[in-house]
Structures are given as structure tokens and as C-alpha cells.
Amino acid sequence: MTEKPRAADPGASGSTPGGSEPADDGPRVVIRNNRKLGRTEETPAAADAGADAPAEGLVEEAEVMVDEIEAEATALDGPAPTGPPVVDAPAQPVDGSPTGSPLGAELEALRAELDERTRDLQRVSAEYANYRKRVDRDRGVVQEQATGSVLAALLPILDDLDRAREHGDLVGPFGTVAEQLTTALGKFGLTPFGEKGDPFDPTRHEAVAHRTSPDVDEPTCVQVMRRGYLRGERLLRPAMVAVADPE
């Protein structure tokens with residue numbers, strides 16, 4: 001078996017490998033896991049082993065330095081807390097400034113002003129809602145009145161058409177135009193009334209002649225001189241009739 005070459009004896013050469021001072025022969029202390037491990041004088045066999053394996057000595061020195069650093073870090077950090085984590089209590093809100101302070105008086109003034117503005121807003125909103133309802137109602141009334149005025153202005157023309165129809169003159173193209181006019185006016189709600197034999201209604205008929213007859217059991221329109229007209233429920237013009245009462 002081949003023998004490993006031995007390193008030069010430090011004691012013989014008078015220097016350590018690398019040119020350092022001779023090693024101290026005193027006791028060596030190793031710090032490991034926060035404990036000191038003492039060792040007495042190295043035996044000649046151990047010295048020979050250290051001389052044979054210089055790398056193992058370097059590793060041992062590195063372990064000593066690491067253990068020293070860990071010990072110092074543990075001493076600085078202190079023991080880890082074992083209890084529950086400490087949580088700072090939240091700051092308590094301030095309920096208000098003392099009575100009579102300038103800040104409290106200003107706050108009360110602001111609250112009073114806010115209440116007043118809120119009441120003003122509610123009042124204005126109610127007034128605006130009523131205004132819109134009134135405007136819509138007035139708009140409808142104005143529209144009804146305008147349409148009724150136009151239809152009332154066309155009633156004399158319809159009377160002439162009725163007389164021409166009674167005499168048989170409403171024929172040909174003239175008759176077609178008359179029918180179209182009557183249909184167009186009916187789309188605006190114009191409704192004629194007043195026929196011979198209708199019961200007399202003083203709210204809708206205008207009696208211009210009166211007589212008695214054994215052929216009727218109640219006041220009856222026996223002759224229609226001019227028809228009346230309605231627009232919806234509104235009376236535009238009453239019918240002009242002759243009335244017969246029972247004997």
C-alpha cells in the first residue's frame with residue numbers, strides 16, 4: 001500500500017504551513033450549540049493527525065466561527081415570545097367636544113342649517129311635483145278647448161250638408177267629399193245626435209215647438225230642425241227639436 005506523504009513538522013521547521021506563528025500548545029476551547037467544550041493538551045497522536053490532515057482543522061475552525069455568530073445572534077434577539085401576539089387597542093372615537101366649546105357650537109349651527117336646507121328641498125320638490133300635475137292638467141284642458149272651438153266653427157257647414165242631403169242634392173263627387181269630411185271630424189270625437197222619436201232630454205235638446213199627441217206616452221221629439229253634436233262627454237251644441245206631450 002502506498003504511504004501518504006507526511007507534512008513537514010511545524011516544530012522542526014519553526015513555522016506553520018502558510019508562514020504563521022507556531023501553534024500554541026495550551027488547552028483548546030470549542031463553542032458548539034452555545035456550550036463550551038474544553039479539551040486538555042493534545043496528545044502527540046492528535047498532533048500528528050492534525051499535521052497529516054490540515055483541511056480538517058480548517059473545517060473545525062469554520063464551525064467554531066459559525067457557532068460563535070449563532071450564539072451572538074441568539075443573545076441579541078432574545079428568547080422568542082411564547083404568549084399570544086400583542087395587538088394594540090384601537091383608538092376610541094371622540095364622542096364630541098365639551099358642551100359650550102366653540103367647536104360644539106359650530107357643529108350645532110351646521111346641523112341646524114342642514115335641517116333647514118333639507119326642509120327647503122322637500123318643500124321645493126313638492127311644489128315642483130304639484131306644478132307639473134297642474135301644467136299637465138291645464139295642457140289637456142287647453143287642447144280640449146282648442147279642438148272643441150275648431151269643431152264648433154265647422155258645425156254650420158255640417159248643417160248645410162244635412163239640408164242638401166234632405167233635398168237629394170248630396171250626390172256624386174260632392175256627396176263623396178261630404179262623407180269624407182264627416183268621417184275625418186268623427187276621428188276627433190265629434191258625434192251627432194237628435195233623431196225623430198227620441199225621448200226629450202232638456203239637457204241635450206232645445207225645444208222650439210210644443211204640442212200634444214195621442215201617439216206618445218212621454219215627451220218626445222217629433223221633429224228635428226237641427227242636429228246637436230257632442231265631443232266625448234262635452235256638449236258642443238244642443239239639438240233643436242219640436243216636442244209632443246201625451247194628451
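## A pocket beside helix α4, and what surrounds it

In this predicted model, the second largest pocket draws at least two lining residues from each of α4 and β5 (220–226). Helix α4 gives the largest share of that lining, with five residues. The space inside comes to about 250 Å³.

So who lines the pocket? Going along the chain, there are Asp159, Asp162, Arg163, Arg165 and Glu166, followed by Gly194, Glu195 and Lys196, and then Val224, Met225, Arg226 and Arg227. Sorted by class, that makes nine charged residues, two nonpolar and one polar.

### The α4–α5 packing

Helix α4 spans residues 102–166 and packs on helix α5, residues 172–186, at an angle of about 145 degrees, with 11 Å between the axes. The crossing of α4 past α5 is left-handed. On the α4 side, the touching residues are Leu151, Leu154, Ile157, Leu158, Leu161 and Arg165. Facing them from α5 are Phe174, Ala178, Glu179, Leu181, Thr182 and Leu185. Here the class count reads nine nonpolar, one polar and two charged. Arg165 is worth a second look: this residue of α4 is part of the helix contact and also appears in the lining of the second largest pocket.

### The two sheets

Back to β5, the other element named for the pocket. It belongs to an open, mixed sheet of three strands, ordered β4-β8-β5. Which strands stand at the edges? They are β4 (205–213) and β5; each has a single partner strand, so one side of each lacks a neighbour in the sheet. From one strand to the next, the twist averages 25 degrees.

The other open sheet also has three strands, in the order β3-β6-β7, and its pairing is antiparallel. Its edge strands, β3 (190–193) and β7 (234–237), each pair on one side only. Neighbouring strands in this sheet are turned by 35 degrees against each other on average, ignoring direction.

Here are two of the strand pairings, one from each sheet:

| Pair | Sense | Bridges |
|---|---|---|
| β5 with β8 (residues 239–246) | antiparallel | five bridges |
| β6 (residues 228–231) with β7 | antiparallel | three bridges |

For landmarks when you browse the model, try Val224, which sits opposite Val241 in β8. Val224 is also one of the residues lining the second largest pocket. In the β3-β6-β7 sheet, Leu230 stands opposite Leu235 in β7.

How values were computed. Residues are numbered from 1 along each chain as its sequence is written. This is a predicted model: local features need pLDDT of at least 70, side-chain atom pairs count only at pLDDT 80 or more; totals for chains, interfaces and linings use all residues. Side-chain values use heavy atoms; hydrogens and water are left out. Axes are lines fitted to C-alpha atoms, for helices over the stretch in contact, and angles run from 0 to 180 degrees between N-to-C directions. Helices (H or I, at least four residues) and strands (E, at least two) are DSSP runs, numbered from the N terminus. A crossing is left-handed if the near helix is turned anticlockwise from the far one by less than a right angle, and right-handed if clockwise. Contact means heavy atoms within 4.5 Å. Ala, Val, Leu, Ile, Met, Phe, Trp, Tyr, Cys and Pro count as nonpolar, Asp, Glu, Lys and Arg as charged, and the others, Gly among them, as polar. On a 1 Å grid over the protein atoms alone, a cavity is a set of points where a 1.4 Å probe fits but cannot get out, and a pocket is an open set with protein on both sides within 12 Å along at least five of seven lines; lining residues have an atom within 4 Å of a point. Grid points are joined across faces, edges and corners, and a volume is the space filled by probe spheres set on the points. Two strands pair if DSSP finds at least two bridges between them.
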